[in-house]
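Thanks for coming, everyone. Let me put the structure up and then talk you through the parts I'd like you to look at.

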Amino acid sequence: MAPLKTMSVDKTKDHLVPAFLLEHFRSGLGGDIYVYDKWTDATFSSGPRGIGAERGYYRTQIAGRPATAEPFLKELDTAASSVIKSVVDRQILPSSDFDRYILAAFAAAQFLRVEDMRNGIRSQQAQISEWLTSLGVDPRDVKGFDVLSADEIRTASILHLGDLKDYVPGFLKKLWILLRTTDAMPFYISDTPVTLRNERDFGALSGLGLEVPGIEIHLPLSKTLTLGLLCSSHFPLFQSAGREEHVLSGVPLDVPDRMVLSLNELQVMFSSRFVYSCNGDFELVKDVVSQRPHLRKGMRRKGLSQPESGHVRK
């Protein structure tokens, strides 16, 4: 179970994407962040504390008493903020085991804490209900299968944060690579910052699982830096290109514009609704949602994620 704490009435917003992380995507010192709403095609600008947040997002009821996971997440965010600031300032990945653990835990939490998790539960329920109905079975008559209410989905996703520690080893054992671009071609970030990609073909099975061979996990850290956590099978590619030092030492790998566009496209595809930019250039977002309108509400994970699943997207 997630380390929930009881609480009194609190009207502050809970951040799905921490404000400290969004700080690294400002348009300049003290500048705003530009936002694209995929649902409405509206654009606007805001400071970090005004976006990536929703009132009461991590609050639920436990034994009839209000409780929240926000203190637990805030403690982790506080620890991670100094680690990420060091990476951004020094332009190198942390070398200490402790700092890497904190960064891995933060990446895992960012994977679990977003709206995509709740959408996955809804999607899983809908798929099971549709399958049962196609068999002529009323889902309400199936013992052990209950369609969860919105509040129950909220509670299930919050409690799932208690499994965070089970995800950290999988993130730690990946190849760590710091990808760097320029201010002229910045990285996006979104309301679903952790993205998955796999260029291997698994046929009818999905290759987007945390432990699937060939998986690539990405998390933007600033407008010019993205953390890559890659399957170990990628290491020979770095060796053949003479770039293994970037994996072994943590120094950044400067990437071409086409790779920046590819990583930004993943942010657009995975985002549930909002995409964030330091310069307001959202032509890529417009292209993606116009050509693939089903992505306006993001890609759908298949239910609650498990850290050691097979060929199933998590």
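Let's start with a quick one: which residue in E13 does leucine 179 stand opposite? That would be leucine 253. Before I go on, please keep in mind that this is a predicted model.

So, the sheet around that pair. E8, residues 175-180, and E13 pair in the parallel sense, over two bridges. They belong to an open sheet of five strands, running in the order E10-E11-E12-E8-E13, and the pairing there is mixed. At the edges you'll find E10 (195-197) and E13 (253-254), each pairing on one side only.

There's also an open sheet of four strands, with the order E4-E3-E14-E9 and antiparallel pairing. Its edges are E4 (43-46) and E9 (189-190); each has a single partner strand, so one side of each is left without a neighbour in the sheet. Inside it, E3 and E14 are joined antiparallel over four bridges. If you want a spot to click on, tyrosine 34 has serine 277 in E14 as its bridge partner. As a reminder for anyone who lives mostly in the cold room, strands of a sheet pair through backbone hydrogen bonds, either parallel or antiparallel.

Next, a little hairpin. E6 and E7 make it, with two residues between them, and alanine 63 in the turn has a positive phi of about 55 degrees. The two strands run antiparallel and are joined by four bridges, E7 being residues 65-68. One of the partnerships is threonine 60 with alanine 67 in E7.

Stay on E6 for a second, since arginine 59 is in that strand, which covers residues 59-62. Is arginine 59 buried or exposed? The relative accessible area is 12%, and under 20% counts as buried, so arginine 59 is buried. And what does its side chain contact? The side chain of aspartate 14, in a polar contact at 2.7 Å.

On to helices. H2 spans residues 70-90, that's 21 residues, and goes 29 Å from first C-alpha to last, close to the 30 Å expected at 1.5 Å a residue. Its buried residues are Glu70, Leu73, Leu76, Asp77, Ala80, Val83, Ile84, Val87 and Val88. Look at how those numbers are spaced, and remember that an α-helix has 3.6 residues a turn, so residues three or four places apart point the same way. Right after H2 comes glutamine 91, with a positive phi near 60 degrees.

H3 has 16 residues and reaches 22 Å between its end C-alphas, close to the 22 Å expected. Twelve of those 16 residues are buried, so H3 is largely enclosed by the rest of the structure. The buried ones include Arg100 and Gln110, along with a run of alanines from Ala107 to Ala109.

That takes us to the core. The largest nonpolar core has 78 residues, and those with the most contacts inside it are Leu21, Ile84, Leu164, Phe171, Leu196 and Ile217. Which helix gives the largest share of this core? H3, residues 97-112, with ten residues. And yes, Ile84 is the one we just met among the buried residues of H2.

Last topic: the rings. The count comes to five aromatic pairs. Take tyrosine 36 and phenylalanine 282: their centres are 5.4 Å apart, with 55 degrees between the planes, so the pair is tilted, that class being the one from 30 to 60 degrees. Tyrosine 36 sits in E3 (33-37) and phenylalanine 282 in the loop between E14 (274-277) and H10 (283-291), so the pair ties together parts that are 246 residues apart in sequence. Both residues are buried, and ring pairs link them with Tyr188 into a cluster.

Another tilted pair is phenylalanine 111 with tyrosine 167, 6.4 Å between centres and 50 degrees between planes. Phenylalanine 111 is in H3 and tyrosine 167 in H6 (164-172), so this pair links parts 56 residues apart in sequence. Phenylalanine 111 is buried at 3% relative accessible area, and tyrosine 167 is buried at 1%.

One more ring before we stop: the charged end of lysine 297 sits over the ring of tryptophan 39, 5.1 Å from its centre. Okay, over to you.

Terms used
Residues numbered from 1 in each chain as written. Predicted model: local features only at pLDDT ≥ 70, side-chain atom pairs only at ≥ 80, totals over all residues. Heavy atoms only, no water. Expected span 1.5 Å × (residues − 1). Buried < 20%, exposed > 50% of the residue type's maximum accessible area, 1.4 Å probe, protein only. Core = buried A, V, L, I, M, F, W, Y, C linked by side-chain atoms within 4.5 Å. Phe/Tyr/Trp six-rings, centres within 6.5 Å; stacked < 30°, edge-to-face > 60°. Lys NZ or Arg CZ within 6 Å of the ring centre and 35° of its normal. Polar contact = N/O pair within 3.5 Å; in protein donor to acceptor, adjacent residues only side chain to side chain. Pairing = 2+ DSSP bridges.
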